[in-house]
Amino acid sequence: MASRSLQLLIFLSTLLLSLSTSPSHALKPSKPHALFLPVTKDTTTLQYVTHLSQRTPLVPLKLVVDLGGLYLWVDCDSDYVSSSYRPARCKSKQCVYAGAIFACGTCNSASKPGCNKNTCAVNPGNPIDSLSTTGEIAQDVITIQSTDGPSITVPRFLFTCGSTNLLNRLSTGAKGMVGLGRTNISLPTQLADTVSIARKFAVCLSSSKGVVFFGDGPYVVLPRMDLSQGLTYTPLLKNPVSTAGSYFEGEPSYEYFIGVKSIKINGKAVSLKTPLLSISKDGNGGTKISTVDQYTKLETSIYNAFTAAFVREATSLKMTKVASVAPFKTCFSSKGVPSTRAGPAVPTIDLVLQSESVYWRIFGANSMVQVNKDVLCLGFVDGGVNARTSIVIGGYQLQDNLLQFDLGKSMLGFSSSLLYKQTTCANFNFASKA
């Protein structure tokens, strides 16, 4: 009897061992803590570009990063071949999720990616060229690298098919744009929903290479510094009216706005028309953050007051004003201007937010552009009279600042210049785990 019990015990132990080691019962890999995209700055267009693999078989795509973009759109007119491409049919759950419930598209040519009957239609746009077209929503495979090591595959990622003419003025070789805006089908939202990472993403740009993280920190750069620590936070605001090139009536903006209350230069407030700093009911005014605008744009009256105040403070520091260099109007001789860890020693600029104690400080590395060996120009441009958005914080002012977008809490965390911490956004080690 004891022998039979022993045999039964051995049999059950062997069975459990075989089940635990068989592929169908193997433990699934743990979910990644965060994902990331490497970003480089195109020296010709000054656009921020990344690479993402899509389709079956996988094809690496060069894409321009659009912080306020609604979704990923790619050119489907030219050489789009994929066995896993699936158009989203009109009124399907995919179309409802994407908010594409107003228009059904059709195509009279032979079916192919971007040209199918009974699909939901949207309007992908290129904000750099101010152009929009009609395109169909579809699903396909994408892969994206994890900070834990291996790449992650998302098998049914929703995106939009654009046309070849949408590529005009994009970085050479770009096949579309990757949108990080506040929509259900932007890259951050879909990754949070499908991979179960935190509903946060962080942007860290530089004049050479940078990174976009998806998920929560730590965001580690050399020398083993966690950039998610010590951030200052301000609410992300919603503009009730879309700021896209084309949109449906009643559609809100999906770009990222913050509440700048005043501007100070060397601690002194600039005299501004304060109503311009608020978002009006018709969607005008306010301050947004952009990666497709090269430099910060200020509505004309704000620009004039801002530059006049900066010149006064710069003159007090014995800086010499010189002839303008397009696209900049306010330039100085670089002779005699000392260098600091955070760039030229020039007047500091503070974007004052929800209180006097909460401000985004801009140092010389982000305020001044070295246009030649003898001239420094103030890297802000005139956005025009009655500009739709009063202040657009551009890419140059974002460089070597970490910006964390908390979509769940609708908050922005920002670091100010990392140069004071003796690191840069170029110091992420892409060859190893973060």
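**Exercise 1. Work out how exposed Asp382 is, then find its charged partner and where the two sit in the chain.**

Step 1. In this predicted model, Asp382 has a relative accessibility of 27%. Partly exposed covers whatever falls between the buried limit of 20% and the exposed limit of 50%, so Asp382 goes into the partly exposed class.

Step 2. Now look for the partner. The side chain of Asp382 meets that of Lys329 in a salt bridge, with N to O at 3.3 Å. That fits under the 4 Å cut-off for such a pair.

Step 3. Place both ends. Asp382 belongs to strand 31 (residues 380–384), while Lys329 is in the loop between strand 23 (321–322) and strand 24 (331–333), so the salt bridge ties together parts 53 residues apart in sequence.

Step 4. Check the other end for exposure. Lys329 comes out at 48% relative accessible area, so this residue is partly exposed too.

**Exercise 2. Take the salt bridge between Glu255 and Lys288 and decide whether each end is buried or exposed.**

Step 1. Start with the contact itself: N to O is 2.9 Å between these two side chains.

Step 2. Map it on the chain. Glu255 is in the loop between strand 17 (232–237) and strand 18 (256–258), and Lys288 is in strand 21 (residues 287–289). The two are 33 residues apart, and the pair links distant parts of the chain.

Step 3. Apply the 20% limit for buried. Glu255, at 12%, is buried. Lys288, at 10%, counts as buried as well.

Step 4. Put this pair in context: a search of the whole structure turns up 11 salt bridges. Some charged residues are joined in a network, namely Lys200, Asp216 and Asp406.

**Exercise 3. Lys264 has a charged partner and also a place in a sheet; describe both.**

Step 1. The charged partner is Glu356, whose side chain meets that of Lys264 in a salt bridge at 2.4 Å, N to O.

Step 2. Lys264 lies in strand 19 (residues 262–265) and Glu356 in the loop between strand 27 (349–352) and strand 28 (359–362), so this pair ties together parts 92 residues apart in sequence. Glu356 has 51% relative accessibility, so the residue counts as exposed.

Step 3. Now the sheet. The strand order is 20-19-27-28, an open sheet of four strands with antiparallel pairing. Strand 20 (268–269) and strand 28 are the edges, each pairing on one side only.

Step 4. Zoom in on strands 19 and 20. They run antiparallel and are joined by two bridges. Opposite Lys264, in strand 20, stands Ala269.

Step 5. Finish with what lies over the sheet. Helix 4 (residues 300–316) lies across strands 19, 20 and 27, and runs at about 20° to strand 19.

**Exercise 4. Sort three of the disulfides by handedness and say what they join.**

Step 1. Get the total first: the count is six disulfides. Numbering the bonded cysteines along the chain gives the pattern 1-8, 2-4, 3-7, 5-6, 9-12, 10-11.

Step 2. Cys76 and Cys161 have their sulfur atoms 2.0 Å apart. The S-S torsion is about -70°, so this disulfide is left-handed. Cys76 is in the loop between strand 4 (73–75) and strand 5 (86–87) and Cys161 is in strand 11 (residues 151–162), so the bond ties together parts 85 residues apart in sequence. Both cysteines are buried.

Step 3. Next up, Cys107 and Cys115, with S to S at 1.5 Å. The torsion here is about -70°, so this one is left-handed too. Cys107 and Cys115 are both buried.

Step 4. For Cys331 and Cys377, the sulfur atoms are 2.0 Å apart. The torsion is about 100°, so the disulfide is right-handed. Cys331 is in strand 24 and Cys377 in strand 30 (residues 375–378), so they tie together parts 46 residues apart in sequence. Cys331 has 0% relative accessibility, and Cys377 also has 0%.

**Exercise 5. Summarise the chain as a whole: what secondary structure does it have, and how much of it is buried?**

Step 1. Count the elements: six helices and 34 strands.

Step 2. Of the 434 residues, 53% count as buried. The accessible surface is about 20000 Å², with 56% of that belonging to carbon and sulfur atoms.

Step 3. For overall dimensions, the C-alpha trace spans about 100 × 60 × 40 Å along its principal axes.

Notes:
Residues numbered from 1 in each chain as written. Predicted model: local features only at pLDDT ≥ 70, side-chain atom pairs only at ≥ 80, totals over all residues. Heavy atoms only, no water. Buried < 20%, exposed > 50% of the residue type's maximum accessible area, 1.4 Å probe, protein only. Pairing = 2+ DSSP bridges. Contact = heavy atoms within 4.5 Å. Axes fitted to C-alpha atoms, helices over the stretch in contact; angles between N-to-C directions. Areas by Shrake-Rupley, 256 points an atom, 1.4 Å probe, with all protein chains shown as cover. Disulfide = S-S within 2.5 Å.
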